[in-house]
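Here is my note on the chain you sent round. Please read it with the model open beside you.

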Amino acid sequence: MLVTRIELVKKDLYRIDLDYEFAFALYAREIRQYGLKEGMEISEELKTTLEKEIVLKRARKKAMMLLKYSDRTKEELRKRLIEASFSITMAEEAIAYVESYGYVNDERYIENYVIFKKDSKSRKQIEMELVKKGISKQQVTQYLEENDWDETEILQGLVEKRLAGKKIQDEKEMQKHYGYFMRKGYSYYAVKKAIQEYMDVLEAEENG
């Protein structure tokens, strides 16, 4: 196969194209070590050596580093590896490696995300955010259906926190609060009930 491009990507790291397609990225010292030049033919054996002995090891190390301080979905990890100049193939192999050790697990990610977010976000908002992170909607929906929770008390707490003991002055302000909570994924009726309960409590306290 033919080395069709060697192009600087960032400091000391070069993109290598084989037969006009991106193959991998190598550092200058590695290019010198293997004597790679544009227009030269390389064997399948050398390509495999570069991939397995250099690039894949680096991709695995990068994946481990990305997961060291922050849990990530497989899709988030995939994007970060590709942004770091690894091919899709190398990214997938690196993900398979860390997944085999349990370092990346979308089901665990969903569970942890729900635990930490359900007291401040609606079920619908959590679902949208998880899908945005690259987890399949089917997988997210299935988990949420199997692990449902009552949002009534949570929404009531959010209403109390937002209004902070203040009265709602007019219809315009009321609609503003309705819009705020509905944008967070709560239904019109749930918001209406929570705000009405808040107002009832406030009135009862005033009347002593």
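Numbered points follow, from the overall fold down to single residues.

1. Status of the model. This is a predicted model. Please keep that in mind for each value below.

2. Fold content. The chain contains 10 helices and three strands. What pattern does the chain follow along the sequence? The strands come before the helices: β-β-β-α-α-α-α-α-α-α-α-α-α.

3. Overall shape. The radius of gyration of the chain is 26 Å. A compact globule of 208 residues would have a value near 17 Å. The C-alpha trace spans about 85 × 35 × 25 Å along its principal axes. Please quote these spans together with the radius of gyration.

4. Burial and surface. Of the 208 residues in the chain, 37% are buried. The exposed area of the chain is about 13200 Å². Carbon and sulfur atoms supply 49% of that area.

5. Contacts across the sequence. Take the contacts between residues at least 6 apart in sequence. Of these, 53% join residues at least 24 apart.

6. V9, in the strand region. V9 sits in strand 1, which covers residues 3-10. Is V9 buried, exposed or partly exposed? Its relative accessibility is 42%, so V9 counts as partly exposed; the cut-offs for that class are 20% and 50%. Setting aside neighbours within four places in sequence, V9 touches Y14, R15 and S85. How far apart are V9 and A204 in space? Their C-alpha atoms are 67 Å apart, and 195 residues separate them in sequence.

7. E30, a buried acidic residue. E30 belongs to helix 1, residues 28-33. Its relative accessible area is 6%, so E30 is buried, given that buried means under 20%. Which residues does E30 contact, leaving aside its neighbours within four places in sequence? They are I54 and R58.

8. Aromatic pairs, first example. The structure holds six aromatic pairs. One of them joins Y97 and Y101. Their ring centres are 5.2 Å apart and their planes meet at 65°, which makes the pair edge-to-face. The cut-off for that label is over 60 degrees. Y97 is partly exposed, at 27% relative accessibility. Y101 is exposed, with a relative accessible area of 53%. Ring pairs also bring in Y103, so that Y97, Y101 and Y103 form a cluster.

9. Aromatic pairs, second example. How are the rings of Y178 and Y188 arranged? Their centres lie 5.3 Å apart and their planes are at 65°, so this pair is edge-to-face. Y178 lies in helix 9 (residues 171-183) and Y188 in helix 10 (residues 188-207), so the pair ties together parts that are 10 residues apart in sequence. The two partners differ in exposure: Y178 is buried, at 7% relative accessible area, whereas Y188 is partly exposed, at 36%.

10. A charge over a ring. Where does R162 lie relative to Y180? R162 is over the face of Y180, at 3.7 Å from the ring centre. Please show this contact in a figure, beside the pair of Y178 and Y188.

Note on methods
Residues numbered from 1 in each chain as written. Predicted model: local features only at pLDDT ≥ 70, side-chain atom pairs only at ≥ 80, totals over all residues. Heavy atoms only, no water. Phe/Tyr/Trp six-rings, centres within 6.5 Å; stacked < 30°, edge-to-face > 60°. Buried < 20%, exposed > 50% of the residue type's maximum accessible area, 1.4 Å probe, protein only. Helix = DSSP H or I, 4+ residues; strand = E, 2+ residues; numbered from the N terminus. Lys NZ or Arg CZ within 6 Å of the ring centre and 35° of its normal. Rg over C-alpha atoms; globule rule 2.2 N^0.38 Å. Contact = heavy atoms within 4.5 Å. Areas by Shrake-Rupley, 256 points an atom, 1.4 Å probe, with all protein chains shown as cover.
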